[in-house]
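I wanted to know how the aromatic rings and the chain contacts are laid out here. My notes follow.

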There are 2 protein chains.
Amino acid sequence: MDLKIDKHISGQFSKELEGMLSHVLDMGGIVEQQIAQALEAIGQFDSKLAQKIIKEDEKINAYEVLIDEECARVIAKRQPAAIDLRIILAIAKIIADLERIGDETCRMVRAAQEHFNKTERQFLVDLDHMGQQVLQMFKAVLDALARMDSEAAYDVYKLDKKIDKAYEGITRQLMTYMMEDPRSIPKIMDVMWATRSLERIGDRCQNISEHVIYLIKGKDVRHAPTERIEAILAAKK
Amino acid sequence: MDLKIDKHISGQFSKELEGMLSHVLDMGGIVEQQIAQALEAIGQFDSKLAQKIIKEDEKINAYEVLIDEECARVIAKRQPAAIDLRIILAIAKIIADLERIGDETCRMVRAAQEHFNKTERQFLVDLDHMGQQVLQMFKAVLDALARMDSEAAYDVYKLDKKIDKAYEGITRQLMTYMMEDPRSIPKIMDVMWATRSLERIGDRCQNISEHVIYLIKGKDVRHAPTERIEAILAAKK
């Protein structure tokens, strides 16, 4: 994959940085697969796949530790300044969010899995549409990173509102189910937790989009109002 | 406060690093106050205090951005290696967790606040005991950082199990309430979310304890089994 970082960085590091970024994208690829398989496991009530997902999380954790070590090593060896350093620091933040998305994915699977062997499965179905939206959001932010595209990152940033809306709709619906049939409360609560995890994955995608903008534009847009982010994106590179 | 970092670091940086660490502890102090006041606001149904807490979160966010800038500046200027760099990278991770704890605190207050003006308030009471435990855990990890005490950090690490147990107890209790009186479901759900936020703050304290151990011992203990962490702590500095 062409990482297109050459125009953003100065001279000699580009190989090392490309190597690191390519590890980040590998890690992201595993996380993407985990989310997709989690939705499949939930949709198909597939316990075996659920087990596999929980086991695979170790790989994501190992990537986080590995890439963090790379970050420290490259900083110590290359003593980078300005743009190079910014890329490394952004990478450190991105992988922390990727790791958390992995955790939330496992949490979602564990919560849903409680009901794979029971007859009442209809509640899990509500999750799928929101899940697909979150998966698209994750793919889009990974793609924005791979293409070093701050506008695309900002598109992901804005998507989070849509996810939050879907989340509110589902939780309201689930509460209605609980009120209609109080005996179903424990199992609906598990679906509630799974939905919550999905919503948090959306938040993490938004965080990653902020790091991608920082990486490209050199401006920290966390906690910034929309107008400021848009002004930063409009400014010349 | 004596930060006791001099014995851990090499030569000339100590002033800059002490300055950064002191900012981290200032930030931590604000977060600690936010948690304490959140529990007070919830216990006293104090809407005004709740508003203040939500407003004050901006300060925590600003500290995160400021200290991140300091990290980048000190790395670029000083080109630190080995231990010095480790401290800076650990600081970057610690402040990310502090910021998330600030967010969870606001989330907890917002969820609980929904019921400040209603007559049924008994559910919020269950939260307080767990809240005090989490507050102690937070204080302890901040103290371990200030004193550069990896053993104390590990004590905090182990505390998270206790918090998880308290969390399970409360959620089970809340589910019972919901089943007994389905009309109370929406309000109990808000207490459920507040409890969840507390549980996540406990997780974050555990993360910070891992970063403190990394900072002092130079070993990444995230995702490591207990025996490995204990071996690292037992090894000579």
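I looked up the ring cluster first: ring pairs link Trp193(A), Tyr167(B) and Trp193(B). Rings of Phe, Tyr and Trp (its six-membered ring) pair if their centres lie within 6.5 Å, with planes under 30 degrees apart counted as stacked, over 60 as edge-to-face and the rest as tilted.

This is a predicted model, where local features need pLDDT of at least 70 and side-chain atom pairs pLDDT 80 or more, while totals for chains, interfaces and linings use all residues. Residues are numbered from 1 along each chain as its sequence is written, chains are lettered from A in the order in which they are written, and side-chain values use heavy atoms, without hydrogens and water.

Over all chains I find 4 aromatic pairs. Trp193(A) and Trp193(B) are edge-to-face, 5.4 Å centre to centre with 85° between the planes. One Trp193 lies in helix α6 of chain A and the other in helix α6 of chain B, so the pair joins two chains; helices are DSSP runs (H or I, at least four residues), numbered from the N terminus. Both Trp193(A) and Trp193(B) are buried, that is, under 20% relative accessible area (1.4 Å probe, protein chains only).

I then checked the interface. In contact (heavy atoms within 4.5 Å) are 38 residues of chain B and 38 residues of chain A. The rule finds 10 salt bridges across this interface, taking a side-chain nitrogen of Lys or Arg within 4 Å of a carboxyl oxygen of Asp or Glu. I noted Arg200(B) with Glu104(A), 3.2 Å from N to O.

Note on methods: Buried means under 20% relative accessible area, exposed over 50%, partly exposed in between (1.4 Å probe, protein chains only).
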